[in-house]
Structure formats: structure tokens, C-alpha cells
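Colleague: I have a model here that I would like to understand contact by contact. Please give me the cut-offs along with the values as we go.

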Amino acid sequence: MMFKTPFAGKSLTLAADVDENGVIVSDRPMLMRALANLLSNSYHHTEAGGATISLRVEGGRAIIAIADTGKGMSKEMVRQLNDDAVPRAREGGDEQGTGSG
């Protein structure tokens with residue numbers, strides 16, 4: 001995993017929990033871009049602990065989850081992310097990025 005070294009550099013852990021029966025048929029570059037973006041967010045917003053990426057099969061579907069020990073999002077940010085009327089949600093601050101994770 002390309003994120004192992006940066007995570008280790010911040011003294012963070014990065015673990016993978018993969019169901020060996022899971023198979024994903026996808027647009028590989030697009031899936032890799034999405035996962036890299038989520039792991040990058042975990043890296044940038046986690047000061048201690050680490051992150052886990054998991055793949056499990058449930059009801060014939062592959063479920064990918066990323067969990068971390070970062071500061072998390074405010075309730076307002078979660079509301080914005082679930083509001084179709086908000087084109088790009090962004091938590092405050094001068095951080096780089098385009099918003100909406």
C-alpha cells in the first residue's frame with residue numbers, strides 16, 4: 001500500500017482487513033483515485049492512532065470501509081454532505097483541496 005510509509009512517518013498505523021472472497025469489478029483507476037482520496041483525508045486529519053481499510057462481502061456485494069481515529073466531521077458538515085442542494089461541502093480552515101472529500 002502506497003500510504004504505509006507516510007502513515008508510519010507520522011507514527012500512525014494503517015491496517016487492511018480484507019475478506020479473501022471479495023471480488024470487485026470496477027473502473028480500476030477511478031476506484032484507486034477514490035480510495036487514495038479517502039486515505040489521504042485520513043492521513044491529513046489523524047494525529048494519533050491510525051486508519052483501517054476493509055473489504056467485506058455482504059449480500060453478494062463488496063463493501064469497502066475506511067475508518068480512522070481522526071477528529072471527524074462536525075454535524076453541520078455531515079448534514080451538508082447529505083444535502084443534494086449543497087454542491088461542495090467544506091469544513092472551515094485554509095486547507096488545500098476542493099471540498100466534499
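Colleague: Which residue forms a salt bridge with R79, the closest N and O atoms being 2.6 Å apart?

Modeller: This is a predicted model, where local features need pLDDT of at least 70 and side-chain atom pairs count only at pLDDT 80 or more, while totals for chains, interfaces and linings use all residues. Residues are numbered from 1 along each chain as its sequence is written, and side-chain values use heavy atoms, leaving out hydrogens and water. A salt bridge needs a side-chain nitrogen of Lys or Arg within 4 Å of a carboxyl oxygen of Asp or Glu, and for R79 the closest N and O atoms are 2.6 Å apart. The partner sits three residues away in helix α3, so about one helical turn separates R79 from E76.

Colleague: Nice. Which residues are linked with R79 in a network of salt bridges?

Modeller: Besides E76, R79 meets the side chain of D83 at 3.3 Å, N to O. R79 is partly exposed at 42% relative accessibility, in the class between buried (under 20%) and exposed (over 50%), using a 1.4 Å probe and protein chains only. D83 is partly exposed at 26%, and E76 at 39%. The residues linked with R79 in the network are therefore E76 and D83.

Colleague: How many salt bridges does the structure hold?

Modeller: We have already met R79 with E76 and R79 with D83. There is also one between E58 and R56, at 3.0 Å from N to O, where E58 is partly exposed at 45% relative accessibility and R56 at 38%. The structure's count of salt bridges is three.

Colleague: Now the sheet: in which sense do β1 and β2 pair?

Modeller: Strands and helices are DSSP runs (E, at least two residues; H or I, at least four) numbered from the N terminus, and strands pair when DSSP finds at least two bridges between them. Strand β1 (residues 13–18) and strand β2 (residues 50–58) share six bridges, with I53 in β2 as the bridge partner of A16. The sense of this pairing is parallel.

Colleague: And which hand does the β-α-β crossover from β1 to β2 have?

Modeller: From β1 the chain passes through helix α2 (residues 28–44) on its way to β2. A right-handed crossover would run clockwise from the first strand over the helix to the second, with the strands pointing away from the viewer. This one is left-handed.

Colleague: What phi does G59 have in the turn between β2 and β3?

Modeller: β2 and β3 (residues 61–68) run antiparallel, joined by eight bridges, and T52 has A67 as its bridge partner in β3. The two strands form a hairpin with two residues between them. In that turn, the phi of G59 is positive, at about 60°.

Colleague: Last one: which residues form the aromatic cluster?

Modeller: Rings of Phe, Tyr and Trp (its six-membered ring) pair if their centres lie within 6.5 Å, counting as stacked under 30 degrees, edge-to-face over 60 and tilted otherwise; by this rule there are two pairs. F3 and F7 have ring centres 6.5 Å apart and planes at 80°, so they are edge-to-face, whereas F7 and Y43, at 5.6 Å and 55°, are tilted. F7 lies in helix α1 (residues 4–9) and Y43 in helix α2, so their pair ties together parts 36 residues apart in sequence. The one cluster is formed by F3, F7 and Y43.
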